[in-house]
Amino acid sequence: MTEIASPHISYPRITVLGVQPGDPPFRIMEIDGAVVGEARSFTDVLVAAAAYGIPVHDADDPAVVRWVGGDKLTWHPR
């Protein structure tokens, strides 16, 4: 048998957490499990990803970015 007993589960390198109240509101951003800063817009996420050498061709792909508490268009508290 050449298959392993359990499948490999990959996690996206980028995680954008839920919106935090502030002026302006922001979202905590993690790369490879480490907090790298605050994102106040979708552009901030792309800039941080590029700084870490992570290409983001499809931000809606859950294998690329994990959005917690909303999607790439959610930047204000609900």
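Of the 78 residues in this protein chain, 28% count as buried. Keep in mind, everyone, that we are looking at a predicted model. The accessible surface of the chain comes to about 5,400 Å², and carbon and sulfur atoms hold 56% of that area. As for contacts, take those with a separation of 6 or more: 43% of them are between residues 24 or more positions apart.

Now the layout. The chain has one helix and four strands, and from the N terminus the order reads β-β-β-α-β.

Let's walk along the strands. Strand β1 covers residues 14-20 and strand β2 covers residues 26-31. These two run antiparallel, with five bridges joining them. If you would like a pair to click on, try Val16, whose bridge partner in β2 is Met29. The connection from β1 to β2 is a hairpin of five residues.

That loop is worth a pause. Which peptide bond here is cis? The one from Asp23 to Pro24, with omega near 5 degrees. Pro24 sits in the loop between β1 and β2, so please check that torsion on your own screen. Moving on, β2 also pairs with strand β3, residues 34-39. Again the two strands run antiparallel, and five bridges join them. Here the pair to pick is Ile28 and Glu38, with Glu38 as the partner in β3.

The hairpin of β2 and β3 has two residues between the strands. One residue to look at in that loop is Asp32. What is the phi of Asp32? It is positive, about 55 degrees, although Asp32 is not a glycine.

Let me finish with a side chain that I think this group will enjoy: Arg27, in strand β2. Arg27 is buried, yet it has no salt bridge. How far away is the nearest side chain of opposite charge? That side chain is Asp71, and it is 5.8 Å away. A salt bridge here needs a side-chain nitrogen of Lys or Arg within 4 Å of a carboxyl oxygen of Asp or Glu, and the 5.8 Å to Asp71 is what we have for Arg27.

What, then, lies by the polar end of this side chain? A polar atom of the Arg27 side chain is 2.8 Å from the backbone oxygen of Leu17. To put the two distances side by side, we have 2.8 Å to the backbone oxygen of Leu17 and 5.8 Å to Asp71.

That's my tour; thanks for listening, and I'm happy to rotate the model for anyone.

Methods. Residues numbered from 1 in each chain as written. Predicted model: local features only at pLDDT ≥ 70, side-chain atom pairs only at ≥ 80, totals over all residues. Heavy atoms only, no water. Pairing = 2+ DSSP bridges. Buried < 20%, exposed > 50% of the residue type's maximum accessible area, 1.4 Å probe, protein only. Lys, Arg positive; Asp, Glu negative; His and termini not counted. Polar contact = N/O pair within 3.5 Å; in protein donor to acceptor, adjacent residues only side chain to side chain. Contact = heavy atoms within 4.5 Å. Areas by Shrake-Rupley, 256 points an atom, 1.4 Å probe, with all protein chains shown as cover.
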